[in-house]
Amino acid sequence: QVQLVESGGGLVQAGGSLRLSCVASGRTFDRWYAMGWFRQAPGKEREFVAAISWTGAGTNYADSVKGRFTISRDNAKVYLQMNSLKPEDTAVYYCTTGPRLSTSPHDYNYWGQGTQVTVSS
C-alpha cells in the first residue's frame, strides 16, 4: 500500500502564493512512478493541474496554471509552488502517483486525502 500526505493548503488573497507539499510512503511505493496534482472544486469534476516524471525532467501543466504554478520533486516528495493565485484556483488539491506522466486521473493508482486551497478576491 502507498500513503500520500499533502500539506500547505490554506486561505490566501488573490495574487498571493502557496506551496503545497506531498510525501509518499509505503512498501509498494515505486520511486520510478510519476507524481502529480489534481484539484476539485465544489460541483465540478476532478481536473489535472500538473505532473512530473520520476526523474523530474518531464513536466506537464494544465493551460490554466501555466506560468503561475511550478511542480518539482525530490524522490518521494512532490511540491507545487502556486503564484499569482486567482479565486478560480479555489479547490481541494490532491496528490497522486502512477506509472506514467498523464493528464488523466485514471492513469494514477494512489491518491492523498487532499488539502483545501481557498483564494479570496
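## A buried aspartate

Asp 89 has a relative accessible area of 1% and is therefore buried, a value computed, like the others here, from a model that is predicted. The partner of Asp 89 in a salt bridge is Arg 39, and the closest N and O atoms of this pair lie 2.9 Å apart. The two residues are 50 residues apart and link distant parts of the chain, for Arg 39 belongs to strand E4 (residues 34-40), whereas Asp 89 sits in the loop between strand E8 (77-82) and strand E9 (91-98).

## Arg 39 and its second partner

Arg 39 also counts as buried, because its relative accessibility is 6% and the cut-off for that class is under 20%. A salt bridge joins Arg 39 to Glu 47 as well, with 2.6 Å between the closest N and O atoms. Glu 47, in contrast to the buried arginine, is partly exposed, with a relative accessible area of 36%.

These contacts belong to a network of salt bridges in which Arg 39, Glu 47, Arg 68 and Asp 89 are linked.

## A pair with partly exposed residues

The structure holds five salt bridges in total, and one of them is formed by Asp 107 and Arg 100, whose closest N and O atoms are 3.0 Å apart. Asp 107 is partly exposed at a relative accessible area of 22%, and Arg 100, with a relative accessibility of 49%, likewise counts as partly exposed.

Notes:
Residues numbered from 1 in each chain as written. Predicted model: local features only at pLDDT ≥ 70, side-chain atom pairs only at ≥ 80, totals over all residues. Heavy atoms only, no water. Salt bridge = Lys/Arg side-chain N within 4 Å of Asp/Glu carboxyl O. Buried < 20%, exposed > 50% of the residue type's maximum accessible area, 1.4 Å probe, protein only. Helix = DSSP H or I, 4+ residues; strand = E, 2+ residues; numbered from the N terminus.
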